[in-house]
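Colleague: Could you take a close look at one part of this model for me? I'd love a connected walk through the side chains there, with the reasoning spelled out.

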Amino acid sequence: MPPVRPVATDVTAASLREVMSRFATGVVVLTVGGETPHGMTANAFSSVSLDPPTVLCCIGRSAVMHSAITDAGRFGVSVMSAEQEETTRYFADKKRPLGPAQFEGVDWLPGPGTGAPLLSGALAWLECEVTEAHEVGDHSVFLGEVVSAVNGAVGDGLLFFEGRFQRTGTTPGR
């Protein structure tokens, strides 16, 4: 079979989404605590710097999470395991209840640094203070200085690849 060669095309939202589906990403649930806590599944999340410890997340400006992070100035991150796909789908569902009701029936603890809900069973947790926010297109890129980073459960990671959830398959014996 001859190699596939790139051909320049017009970039549309649909074509970019299709191409980016080939880039495997980890999956996190971002959370904000306080009087109106909120959670949201995200895969636009990355480490930025070790010194100072900094991560980023990209949030659509029309998302409830955008105003939640903007107002709180801090957020929590639960790095989801493959066993948490159902919880991940729940926090991706725009029809779930908002405010404290969305955390009913979800096992979590408040982060000691931010008060943000950290989901039990996650592979790791981070707590972050927002240091910068940049508007880019219809999203904002939030940079957060990590104030707490803790490893959690052992297991396979949850990935998003080709439009669906998949597992890393890195845990020995799986």
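**Cysteines, then aromatic rings**

Modeller: Happy to! C57 counts as buried, because its relative accessibility is 0%, and the cut-off for buried is under 20%. Please keep in mind that this is a predicted model. C58 comes out as partly exposed, because its relative accessible area is 23%.

Are these cysteines bonded? A disulfide is a covalent bond between the sulfur atoms of two cysteines. Searching the whole structure turns up zero disulfides. C57 takes part in none, and the cysteine sulfur nearest to its own, that of C58, lies 7.0 Å away. Seen from C58, the closest cysteine sulfur is the one in C57, and 7.0 Å is too far for a bond, because the pair would have to be within 2.5 Å.

The aromatic side chains make a good companion to this view. There are four aromatic pairs in the structure. Take F91 and F103: their ring centres are 5.4 Å apart and their planes meet at 45°, so this pair is tilted. It links distant parts of the chain, with F91 in helix α3 (residues 85–92) and F103 in the loop between α3 and β7 (108–110), 12 residues apart. F91 is buried, because its relative accessible area is 1%. F103 counts as buried too, because its relative accessibility is 5%. Both rings belong to one aromatic cluster, formed by Y90, F91, F103 and W108.

Key
Residues are numbered from 1 along each chain as its sequence is written. This is a predicted model: local features need pLDDT of at least 70, side-chain atom pairs count only at pLDDT 80 or more; totals for chains, interfaces and linings use all residues. Side-chain values use heavy atoms; hydrogens and water are left out. Buried means under 20% relative accessible area, exposed over 50%, partly exposed in between (1.4 Å probe, protein chains only). Rings of Phe, Tyr and Trp (its six-membered ring) pair if their centres lie within 6.5 Å; planes under 30 degrees apart count as stacked, over 60 as edge-to-face and the rest as tilted. Helices (H or I, at least four residues) and strands (E, at least two) are DSSP runs, numbered from the N terminus.
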